[in-house]
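Student: I have a model open and want to test the labels people attach to it. Can we go through them one at a time?

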Amino acid sequence: MGEMLKELGKFLYNLSLLIAGALIFQPLAKGKLSSHLLILSITSILSFVFIGSIFIYFGEKLKSKED
């Protein structure tokens, strides 16, 4: 169970990088970055990183109890 939570946390980290690339960097390069899109993407990125960190933390705790 602990390893699964850690992998889910890593997935959420990768998802936040994907969102950063798709919603911030690509429109920025094309010159179409709006404030609404920026707020949405930053909120999503911070949420996924926060939740991913929680999953990794609890995954480590559960893994140490399993050993």
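Tutor: Start with Glu 3 and Lys 63, which form a salt bridge in this predicted model.

Student: What makes Glu 3 and Lys 63 a salt bridge?

Tutor: Their closest N and O atoms are 3.3 Å apart. The cut-off is 4 Å between a side-chain nitrogen of Lys or Arg and a carboxyl oxygen of Asp or Glu, so the pair qualifies.

Student: Which parts does that pair tie together?

Tutor: Glu 3 lies in helix α1 and Lys 63 in helix α2, so the bridge links parts 60 residues apart in sequence.

Student: Are Glu 3 and Lys 63 buried or exposed?

Tutor: Neither label fits. Glu 3 has a relative accessible area of 36%, and Lys 63 has 31%. Buried needs under 20% and exposed needs over 50%, so both count as partly exposed.

Student: How many salt bridges does the structure hold?

Tutor: Three. Another joins the side chains of Glu 60 and Lys 6, at 2.7 Å from N to O. Glu 60 belongs to α2 and Lys 6 to α1, so this pair ties together parts 54 residues apart in sequence.

Student: Why is Lys 6 called buried?

Tutor: Its relative accessible area is 12%. The limit for buried is under 20%, so Lys 6 passes. Its partner Glu 60, at 39%, is partly exposed.

Student: What makes the Lys 6 and Glu 60 side chains a polar contact as well?

Tutor: The distance is 2.7 Å. A polar contact needs N or O atoms within 3.5 Å, so the pair meets that limit.

Student: Which residues is Lys 6 in contact with, beyond its neighbours within four places in sequence?

Tutor: Phe 55, Ile 56, Gly 59, Glu 60 and Lys 63.

Student: How do you know that Lys 10 and Glu 7 form a salt bridge?

Tutor: Their side chains meet at 3.3 Å, N to O. That is within 4 Å, so the label holds. Both residues lie in helix α1, three residues apart, about one turn of the helix.

Student: Why do residues three or four places apart point the same way?

Tutor: An α-helix has 3.6 residues a turn, so such residues point the same way.

Student: Are Lys 10 and Glu 7 buried or exposed?

Tutor: Again, something in between. Lys 10 has 38% relative accessibility and Glu 7 has 40%. Both values fall between 20% and 50%, so both residues are partly exposed.

Student: How do you know that the span of α1 is close to what is expected?

Tutor: Helix α1 covers residues 2-30, 29 residues in total. From its first C-alpha to its last is 42 Å, close to the 42 Å expected at 1.5 Å a residue. Even so, α1 bends by about 30° at Gly 21. After α1 comes Gly 31, with a positive phi near 80°.

Student: What about the span of α2?

Tutor: It agrees too. The 32 residues of α2 should span 46 Å, and its end C-alpha atoms are 46 Å apart.

Student: Which residues of α1 are buried, and what do they pack against?

Tutor: The buried residues of α1 include Leu 5, Gly 9, Leu 12, Ile 19 and Ile 24. The buried residues of α1 pack against α2 (35-66).

Student: And which residues of α2 are buried?

Tutor: Leu 37, Ser 41, Ser 44, Ile 45, Gly 52 and Gly 59. The buried residues of α2 pack against α1.

Student: Where is Ile 54, and why is it called partly exposed?

Tutor: Ile 54 is in helix α2. At 31%, its relative accessibility sits between 20% and 50%, so partly exposed is the right label. The C-alpha atoms of Ile 54 and Ala 29 are separated by 32 Å, with their positions 25 residues apart along the chain.

Student: Why is the pair Tyr 57 and Phe 58 called edge-to-face?

Tutor: The count is one aromatic pair, and Tyr 57 with Phe 58 forms it, 5.3 Å centre to centre. Pairing needs centres within 6.5 Å, so the rings pair. The planes are 70° apart, and over 60 counts as edge-to-face, so the name follows.

Student: Are those two residues buried or exposed?

Tutor: Both are partly exposed, because Tyr 57 has 46% and Phe 58 has 45%.

Conventions: Residues are numbered from 1 along each chain as its sequence is written. Side-chain values use heavy atoms; hydrogens and water are left out. Rings of Phe, Tyr and Trp (its six-membered ring) pair if their centres lie within 6.5 Å; planes under 30 degrees apart count as stacked, over 60 as edge-to-face and the rest as tilted. Buried means under 20% relative accessible area, exposed over 50%, partly exposed in between (1.4 Å probe, protein chains only). Helices (H or I, at least four residues) and strands (E, at least two) are DSSP runs, numbered from the N terminus. The expected span of a helix is 1.5 Å times one less than its number of residues. The bend at a residue is the angle between axes fitted to the seven residues ending there and the seven starting there. Contact means heavy atoms within 4.5 Å. A polar contact is a pair of N or O atoms within 3.5 Å; within protein, one must be able to donate a hydrogen and the other to accept it, and residues adjacent in sequence count only if both atoms are side-chain atoms.
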